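Dear colleague,

I am handing over the structure we spoke about, and below it you will find what came out of going through it. Please read the notes with the structure open beside them.

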Amino acid sequence: MSMATEKKTVGFIGLGIMGLSMAGHILDGGHDLVVFNRTKSKADDLLAKGATWAASPGEVAAVSDIVITIVGYPKDVEEVYLGNGGIVECARPGTILIDMTTSSPELATRIARLAEARGLAALDAPVSGGDVGAKAGNLAIMVGGDEKAYRAAMPIFDLMGGKIVNMGPAGAGQHTKMANQIAIASTMLAVGESLSYAAAAGLDQTALIEVIGTGAAGSFLLNGLGPKMVSGDYAPGFFVHHFVKDLNIALAEAARMRLDLPGLGLAKSLYDKLVADGFGEEGTQALYRLYTQLAEA
Ligand code: NAP
């Protein structure tokens, strides 16, 4: 840790695909790390490396300078922040709360308001870059909330992220993430359709990705998830059921703004079908299953 970086006690709640790697970077950065997760065994590696276990979100918050959460759904965010014995109730005044879950802008605004009333600052700071970006510590981090708290949290964001931007007041981070998910939704369909077309035309799909992946169509999704579609590797980096949660939040926000986003609506109906077919626990690249079925029909 550089002389300029103050050692903090950082609380971390949610040690899943994303959180486990992100928390590991904070520990490696030389800070004290206090953790909680619904399933305790997921903390084993961090505890072996020197992190401390706390028995509840409130117990994490009570001893931390900064509390970070990356749980599953808005209902989980609501529970850990606003539940009895939750973070907002138990944090000491001056603590910075950072929710990195992909959650609703409305909930982020509500938490920020309630936190402020208790002398706390709450930021919404969802991420993009997937399990790969979490491991590499170069996530895109899109923040909403108080500029002073944002600046104070920057040394911690830097340990997890590459590009980090404060996009505006509370909720602006989640709105930015929704814009990101809207771009991903139609792109996932585009990648599936491109590969499906290539197969029907008798092309080698791997060679296809190699060549068009260096051209204008190249993207994290085509270059990173395209090969997994080709090989039928549907193991989750990003769960289908989490993506459906995001599509629902984005559609609700778009409806509230009286926006019609047909690509988003189509992606939602196809991902709903994937869940109905029993593939919600797979990664988002499993969308290709639907194109394979169509090709076989
Ligand atoms: P995950 O593997 O399911 O991780 C979520 C973790 O939070 C799990 O370990 C879960 O506990 C824990 N948790 C959930 N509710 C909790 C609660 N109420 N109290 C305590 N712990 C709780 O999912 P993930 O892929 O890391 O994603 C986490 C969030 O980041 C989601 O909102 C997702 O949409 C978003 N995100 C994911 C990616 C990605 O590529 N994976 C990228 C960007 C954003 P258990 O261990 O008991 O399940």
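A residue is called buried here when its relative accessible area is under 20%. By that criterion strand S4 is enclosed on both of its faces, since Ile66 and Ile68 point one way from S4, Val67 and Thr69 point the other way, and all are buried. Please keep in mind throughout that this is a predicted model.

The strands around S4

Strand S4, residues 66–69, is joined to strand S5 by 4 bridges, and the two run parallel; within this pairing isoleucine 66 stands opposite isoleucine 96 of S5. On the other pairing of S4, strand S1, residues 9–13, is also joined to it in parallel by 4 bridges, with isoleucine 13 opposite threonine 69.

S5 itself, residues 96–99, repeats the arrangement described for S4, in that Ile96 and Ile98 point one way, Leu97 and Asp99 point the other way, and all are buried. In a regular strand the side chains alternate between the two faces of the sheet. S5 also pairs in the parallel sense with strand S6, residues 121–124, over 4 bridges, and the bridge partner of isoleucine 98 in S6 is leucine 123. Between these two strands the chain passes from S5 through helix H6, residues 105–117, to S6, and this β-α-β crossover is right-handed.

Helix H1 and the loop at asparagine 37

Helix H1, residues 19–28, has 8 of its 10 residues buried, so it is largely enclosed by the rest of the structure. The buried residues of H1 are Gly19, Ser21, Met22, Ala23, Gly24, His25, Ile26 and Leu27. Just after H1, glycine 30 takes a positive phi of about 95°.

Further along, asparagine 37 has its place in the loop between strand S2 (32–36) and helix H2 (44–48). Is this residue, asparagine 37, buried or exposed? Its relative accessible area is 10%, so asparagine 37 is buried. Its side chain has a polar atom 2.9 Å from the backbone nitrogen of leucine 15, and a polar atom of the asparagine 37 side chain also lies 2.8 Å from the backbone oxygen of threonine 39. Leaving aside residues up to four places away in sequence, asparagine 37 touches Gly14, Leu15, Lys42 and Trp53.

The annotated spans and lysine 177

In an unreviewed entry, UniProt lists residues 9–168 as "domain: 6-phosphogluconate dehydrogenase NADP-binding". Over residues 9–168 the chain is 42% helix and 23% strand, and the end C-alpha atoms are 26 Å apart. The unreviewed entry also places the feature "domain: 3-hydroxyisobutyrate dehydrogenase-like NAD-binding" at residues 171–291, a span that is 70% helix and 0% strand and whose end C-alpha atoms lie 36 Å apart.

The UniProt annotation "active site", again from an unreviewed entry, covers Lys177, and lysine 177 is found in helix H9, residues 172–200. With a relative accessible area of 7%, lysine 177 is buried. Which residues does lysine 177 touch, not counting residues up to four places away in sequence? They are Thr102, Pro126, Val127, Ser128 and Met142, and the side chain of lysine 177 reaches the backbone oxygen of valine 127 at 2.6 Å.

Aromatic pairs

The structure holds 4 aromatic pairs. One of them is formed by tyrosine 150 and phenylalanine 157, a tilted pair with 6.3 Å from centre to centre and 40° between the planes, and both tyrosine 150 and phenylalanine 157 are buried. The rings of phenylalanine 238 and phenylalanine 243 have their centres 5.8 Å apart and their planes at 65°, so this pair is edge-to-face. As for exposure, phenylalanine 238 is partly exposed, with a relative accessible area of 29%, whereas phenylalanine 243 counts as buried at 0% relative accessibility. Ring pairs link Phe238, Phe243 and Tyr271 into a cluster.

With best regards

Technical notes
Residues are numbered from 1 along each chain as its sequence is written. This is a predicted model: local features need pLDDT of at least 70, side-chain atom pairs count only at pLDDT 80 or more; totals for chains, interfaces and linings use all residues. Side-chain values use heavy atoms; hydrogens and water are left out. Buried means under 20% relative accessible area, exposed over 50%, partly exposed in between (1.4 Å probe, protein chains only). Two strands pair if DSSP finds at least two bridges between them. A crossover is right-handed if, with the strands pointing away from the viewer, the path from the first strand over the helix to the second runs clockwise. A polar contact is a pair of N or O atoms within 3.5 Å; within protein, one must be able to donate a hydrogen and the other to accept it, and residues adjacent in sequence count only if both atoms are side-chain atoms. Contact means heavy atoms within 4.5 Å. UniProt positions are given in the numbering used here, feature names are shortened, and annotations may be inferred rather than shown by experiment. Rings of Phe, Tyr and Trp (its six-membered ring) pair if their centres lie within 6.5 Å; planes under 30 degrees apart count as stacked, over 60 as edge-to-face and the rest as tilted.
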